[in-house]
Amino acid sequence: MTRLDALMKRGCEFLGCEVAIMCGAMSWVSERHLVSAMSNAGGFGLIACGAMTPDLLDTEIAETRKRTDKPFGVNLITMHPDLMELIGVCAKHRVGHVVLAGGLPPSGSLDAIKGSGAKLICFAPALSLAKKLIRSGVDALVVEGMEAGGHIGPVSTSVLAQEILPEVADQVPVFVAGGIGRGDAIAAYLEMGAAGVQLGTRFACATESIAHPNFKKAFFRASARDAVASVQIDPRLPVIPVRALKNAGTELFTAKQLEVARALDEGGLAMMEAQLQIEHYWAGALRRAAIDGDVENGSLMAGQSVGMVKREEPVAAIVATLVDEAARAIDRRTRL
């Protein structure tokens with residue numbers, strides 16, 4: 001066993017895969033093709049349920065199973081109105097790992113997931129939340145920093161890792177995410193105590209990704225500073241910042257917030273519905289860019305590691321490169 005194998009052992013055993021690298025769930029992109037390719041390459045794919053209905057998720061899981069016999073998981077959004085039904089779909093298919101994103105697990109969801117025999121993974125953007133989730137019974141955590149693409153928190157990956165790993169990594173497997181684009185960073189987080197890592201942006205433009213060619217070209221042209229966080233214009237709106245490449249769609253989101261704020265002022269919209277409208281906006285905007293190819297008006301969600309995405313490559317080649325880079329980094333430090 002190599003030093004890298006030893007560092008990844010816990011994460012691999014937890015996920016049931018060969019390499020403790022998860023492909024982050026990217027709405028519209030993390031579907032049957034990318035997910036199965038990731039799992040077939042030895043990593044761990046995650047279906048991004050997003051705004052899917054239970055019927056659509058049922059089909060997606062079945063189609064993914066046709067393409068791989070390796071383990072994969074499903075990422076569910078906590079605020080989805082059909083969350084319990086979606087959990088039921090995962091249970092029906094005996095999905096081994098469920099990731100809950102978007103906040104604390106709603107009442108009953110944790111018991112339903114664990115009762116099905118699945119392992120539950122949750123996001124922990126702060127140490128206090130990490131400890132609370134562990135007490136509630138989650139099986140693993142993802143610590144994701146603000147460098148990530150899509151919905152983000154306010155703290156960087158490096159700070160979160162330093163704060164959380166020493167405190168809880170001995171209790172549950174912790175996977176670090178956000179801004180990771182090379183194996184050198186993977187090695188560093190593993191040596192800090194992480195069980196593995198999660199990358200999204202690095203795989204968004206893989207050969208197997210169904211993302212539109214225009215979407216991929218925008219990634220290839222972008223640098224880290226082009227991936228900016230959205231701005232909240234009304235403190236009443238429960239808007240979680242989203243990191244994406246700056247374009248006309250960024251301004252469209254500002255207009256959407258103003259529209260929702262006016263509806264709140266007029267009393268025609270409840271706060272939960274306001275949040276759902278914002279989420280539906282992002283789902284539609286991302287689809288316009290990622291699937292339809294409208295890279296001017298759609299949302300080009302990307303992490304700050306986008307500058308390291310230079311060309312289209314098969315998932316297996318990306319995984320092999322990351323593993324090689326990580327192994328070399330560990331070997332260099334071992335020889336010092």
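**Helix 8 and helix 13**

I looked first at how helix 8 passes helix 13, and the crossing is right-handed (the near helix is turned clockwise from the far one by less than a right angle; anticlockwise would be left-handed). Before going on, I noted that this is a predicted model, where local features need pLDDT of at least 70 and side-chain atom pairs need 80 or more, while totals for chains, interfaces and linings use all residues. Numbering runs from 1 along each chain as its sequence is written, and side-chain values use heavy atoms, with hydrogens and water left out.

I found helix 8 at residues 183-191 and helix 13 at residues 315-335. Helices here are DSSP runs of H or I with at least four residues, strands are E runs of at least two, and both are numbered from the N terminus. The two axes come within 7 Å and cross at roughly 60° (axes are lines fitted to C-alpha atoms, for helices over the stretch in contact, and angles run from 0 to 180 degrees between N-to-C directions). That angle makes helix 8 oblique to helix 13. For the wording, under 35 degrees is roughly parallel, over 145 roughly antiparallel, 65 to 115 roughly perpendicular, and the rest oblique.

Which residues of helix 8 and helix 13 meet? From helix 8 I listed G183, D184, I186, A187, A188 and E191, and from helix 13 L322, E325, A326, A329, I330, R332 and R333. Contact means heavy atoms within 4.5 Å. Sorted by class, the residues of this contact are seven nonpolar, one polar and five charged. Nonpolar covers Ala, Val, Leu, Ile, Met, Phe, Trp, Tyr, Cys and Pro; charged covers Asp, Glu, Lys and Arg; the others, Gly among them, are polar.

**Helix 6 and helix 7**

Next I took helix 6 (residues 127-136) and helix 7 (residues 157-168), which pack at about 30° with their axes 9 Å apart. These helices are therefore roughly parallel to each other. Their crossing is right-handed. Helix 6 brings L127, A130, K131 and I134 to the contact, and helix 7 brings E163, I164, E167 and V168. I noted five nonpolar residues, three charged ones and no polar ones in this contact.

**Helix 2 and G73**

What covers the buried residues of helix 2? Strand 1, strand 2 (45-48), helix 3 (54-67), strand 3 (72-77), helix 9 (201-204) and helix 13 are included in the cover. The buried residues I wrote down in helix 2 are L34, V35, S36, A37, M38 and S39. Buried means under 20% relative accessible area, exposed over 50%, and partly exposed in between, with a 1.4 Å probe and protein chains only. After helix 2 comes G42, with a positive phi near 100°.

I then went to G73 in strand 3. G73 counts as buried because its relative accessibility is 0%. From G73 to V35 the C-alpha distance is 8.8 Å, with their positions 38 residues apart in sequence. Not counting residues up to four places away in sequence, G73 touches F44, G45, L46, I47, V95 and H97.

**The loop after helix 4**

Is H93 buried or exposed? H93 counts as buried, at 16% relative accessibility. I placed H93 in the loop between helix 4 (83-92) and strand 4 (97-101). Its side chain makes a polar contact of 3.0 Å with the side chain of D58 (a pair of N or O atoms within 3.5 Å; within protein, one must be able to donate a hydrogen and the other to accept it, and residues adjacent in sequence count only if both atoms are side-chain atoms). Beyond four places in sequence, H93 is in contact with D58, I61, A62 and R65.

R94 sits in the loop between helix 4 and strand 4. R94 is exposed, at 71% relative accessible area, and its phi is positive, about 55°, although R94 is not a glycine.

**Odds and ends**

W28 is not a glycine either, yet its phi is about 75°. I found W28 in the loop between strand 1 (21-23) and helix 2 (32-40), partly exposed at 34%.

G298 lies in the loop between helix 12 (271-290) and strand 12 (300-301) and counts as buried, at 1%. The C-alpha atoms of G298 and A285 are separated by 4.5 Å, though the two are 13 residues apart along the chain. Leaving aside neighbours within four places, G298 is in contact with N247, G249, A285, R288 and A289.
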